[in-house]
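Let's take a walk through this model together, one piece at a time. Keep the viewer open and follow along.

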Amino acid sequence: NHTGRARDGAAAIDLLFTAKDVRLSALFSPEHGIRGILDTNVPSEKDEKTGLVIHSLYGETRRPAASMLDGLDAMVIDLQDIGARFYTYMTTMAYVMEEAAKRNLPVYVLDRPNPINGFQIEGPALDKAMIGFTGYLPAMPVRHGMTLGELARLFNGENKIGANLTVVAMKNWDRSRWFDDTGLPWINPSPNMRNLIQATVYPGVGAIESTNLSVGRGTDTPFEQIGAPWIDGVQLAETLNARAIPGVRFYPVRFTPLSSKYAKEECQGVFLVVTDRQALRPVRLGVELASALNRLYGSKFELESAERLFGSHEGLARVRAGEDPAVIASSWGAAEGRWRLLRAKYLLYR
């Protein structure tokens, strides 16, 4: 999609279309469309510039059908991931690999950075019951700490996909680098992922966005603020700041989303100020938000709706029971440790 760019900013689609000894035959679009501007199902269509068909992998079908792959010699995947388990690009990649493997169709993944670094891992492992489009592998925590190319290697090995896979690795990236350490220009991976701050808090705020809570979609600062018509923003900010959550502070806000949840309704809530991104544990932040909302507005807050993205039935039950979020977060240590061991042999960067 639009995030596939060369060093000089040229689109990978254009480069492949004009390359010698290569014939670009078809395009495949993940969620948000080939240009990254859609927040609904993606239609199949024709690309205006190249005239090629764009097969949608985020509509009636989410994996390439056999007819889409007829006549192809290879599949090239070039997408900018965001570093959270429920961001769908990784599952689309896995489905493409599965279908390509059935035909021994080579798959090339052009790797790109994990924008929120490659060493911090956090969150509960995905329940097996939650496996699906927003969670491909049960062992994976919410913040996985891998690049898309590394995930392709891991999926291929652990799920025994058997794809003829080549990952074209990056040069000069290491696991400690955040996106602003790379010198690369930011290109919105999706319409509501507009900067690195939003990506930093997304593993936690995104984990609870399927509840009856606005996460700022339809405003200028999605994922940097949360709210609802039934929230008292001053009360919520005071409650959260009293928790002294490492790396983040809160202030009360009012906002009216122009679209998405609570469109054209005034919401009260809090704005998130990241004070130390290295100290911040975004998935714990999500649990802290859910816990505060449950304590203050339990009869109105639909906590159970977060289960699919958060991925842990037990974890949400502990929030509902009023357990300390710090204790809940500390319980993820064993799963995080298992993930570190599992992923080790698939890593491409130090």
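What follows goes through two sheets, a pair of helices and a few single residues.

First, some ground rules: this is a predicted model, so to speak of local features we ask for pLDDT of at least 70, side-chain atom pairs count only at pLDDT 80 or more, and totals for chains, interfaces and linings use all residues. Residues are numbered from 1 along each chain as its sequence is written, and side-chain values use heavy atoms, with hydrogens and water left out. As for the element names, helices (H or I, at least four residues) and strands (E, at least two) are DSSP runs, numbered from the N terminus.

Start with the open sheet of three strands in the order 1-3-2, where the pairing is mixed. Strand 1 (27-29) and strand 2 (45-46) are the edge strands, each with a single partner, so one side of each has no neighbour in the sheet. Pairing here means that DSSP finds at least two bridges between two strands. Strand 1 and strand 3 (residues 53-56) run parallel and are joined by three bridges. If you want one to click on, Leu-27 has Ile-54 of strand 3 as its bridge partner.

Now move along the chain to another open sheet of three strands, with the order 7-9-8 and antiparallel pairing. Which strands stand at the edges this time? They are strand 7 (225-228) and strand 8 (248-255), each with a single partner strand, so again one side of each is left without a neighbour in the sheet. From one strand to the next, the twist averages 25°. Strand 9 (residues 267-274) runs antiparallel to strand 7, and four bridges join the two. Within that pairing, Ile-226 stands opposite Val-270, and Gly-227 has Gly-269 as its bridge partner. Strand 8 also runs antiparallel to strand 9, with eight bridges between them; Tyr-251 stands opposite Phe-271 there. While you have the strands on screen, remember that in a regular strand the side chains alternate between the two faces of the sheet.

Two residues around this sheet have backbone angles to look at. Phe-223 sits in the loop between helix 5 (196-205) and strand 7. Its phi is positive, about 70°, although Phe-223 is not a glycine. Phe-223 counts as buried at 1% relative accessibility (buried means under 20% relative accessible area, exposed over 50%, partly exposed in between, with a 1.4 Å probe and protein chains only). Ser-260, in the loop between strand 8 and strand 9, also isn't a glycine and has a positive phi of about 65°. Ser-260 is partly exposed, with a relative accessible area of 45%.

Next, bring in the helices. Helix 6 (residues 233-242) and helix 7 (residues 282-297) pack at an angle of about 125°, and their axes are 10 Å apart. Those axes are lines fitted to C-alpha atoms, for helices over the stretch in contact, and angles run from 0 to 180 degrees between N-to-C directions. The two helices are therefore oblique to each other (under 35 degrees is roughly parallel, over 145 roughly antiparallel, 65 to 115 roughly perpendicular, and the rest oblique). What holds the contact on each side? Helix 6 brings Gln-235, Leu-236, Thr-239 and Leu-240, while the helix 7 residues include Glu-288, Leu-289, Ala-292 and Tyr-297; contact means heavy atoms within 4.5 Å.

Two more residues round off the tour. Met-130 lies in the loop between strand 5 (107-110) and helix 4 (148-158). Is Met-130 buried or exposed? Met-130 is buried, at a relative accessible area of 14%. Leaving aside residues up to four places away in sequence, Met-130 touches Gly-135, Glu-307, Arg-308 and Gly-311. Asp-70 is 60 residues from Met-130 in sequence, and 32 Å separate the two in space, C-alpha to C-alpha.

Lys-345 belongs to the segment after helix 11 (333-343). With a relative accessible area of 59%, Lys-345 is exposed. Lys-345 touches Arg-153 and Glu-158, again not counting residues up to four places away in sequence. Between the C-alpha atoms of Lys-345 and Glu-122 there are 19 Å, and the two are 223 residues apart along the chain.
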